[in-house]
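User: I'm new to this structure and would like a close look at a single part of it. Could you pick one spot and walk me through what surrounds it?

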Amino acid sequence: MDWLINHITPFYHRSPRDESDLEDKTIGVAAYLIAAESFGIEAFPSDLLIDYIEYAEKQSWFDDTYLSFFCNFLKDKIQA
């Protein structure tokens, strides 16, 4: 889990619109949200990270296999 937290730390408080490599970062965010919910970890506020998931939905990125796989687990766990 430490590697995932380290991956997200540099950008979690920034708007998705200000970032590059958004598909990779959004997959990281989705994986973190699933793990945080499953293991009761809260290294970051979910309300800041959910912007990445909402942005991906607006950009129609859920055609990406990995992103849709992770986000499928979020639909019942995270309020967006």
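**A close look at L33 and its helix**

Analyst: Let's start with L33, which sits in helix α2, the stretch covering residues 22-39. Keep in mind as we go that this is a predicted model. Over the protein, the pLDDT averages 79, and 76% of the residues score at least 70. Confidence peaks in helix α1 (residues 2-8), with a mean of 89, and is lowest in helix α4 (residues 65-74), with a mean of 68.

Back to our residue. L33 has a relative accessibility of 2%, so it counts as buried, the cut-off for that being under 20%. Along the sequence, I50 is 17 residues away from L33, yet in space their C-alpha atoms are 8.6 Å apart.

Now zoom out to the helix itself. α2 is built from 18 residues, and from its first C-alpha to its last it reaches 25 Å, close to the 26 Å you'd expect at 1.5 Å a residue. L33 has company in being buried: 13 of the 18 residues of α2 are too, so the helix is largely enclosed by the rest of the structure. Just after α2 comes G40, and its phi is positive, near 70°.

What does α2 pack against? One partner is helix α3, residues 46-58: the two axes lie 9 Å apart and meet at an angle of about 130°. That angle makes α2 oblique to α3, because anything over 145 degrees would count as roughly antiparallel and 65 to 115 as roughly perpendicular. As for its handedness, the crossing of α2 and α3 is left-handed.

There's also some charge pairing to look at. The whole structure has two salt bridges, and E19 takes part in one with K25, where N and O are 2.6 Å apart. Both of these residues, E19 and K25, are buried. For E19, that label follows because its relative accessibility is 12%. E19 also forms a salt bridge with R14, with 3.1 Å between the closest N and O atoms. R14 comes out as partly exposed because its relative accessibility is 39%. Through these shared partners, R14, E19 and K25 are joined into one network.

So, to put the picture together: L33 is a buried residue, at 2% relative accessibility, and its helix is largely enclosed, with 13 of its 18 residues buried. That helix, α2, packs with α3 at about 130°.

Notes
Residues numbered from 1 in each chain as written. Predicted model: local features only at pLDDT ≥ 70, side-chain atom pairs only at ≥ 80, totals over all residues. Heavy atoms only, no water. pLDDT = per-residue confidence, 0-100. Helix = DSSP H or I, 4+ residues; strand = E, 2+ residues; numbered from the N terminus. Buried < 20%, exposed > 50% of the residue type's maximum accessible area, 1.4 Å probe, protein only. Expected span 1.5 Å × (residues − 1). Salt bridge = Lys/Arg side-chain N within 4 Å of Asp/Glu carboxyl O. Axes fitted to C-alpha atoms, helices over the stretch in contact; angles between N-to-C directions. Parallel < 35°, antiparallel > 145°, perpendicular 65-115°, else oblique. Left-handed = near helix turned anticlockwise from the far one by under 90°.
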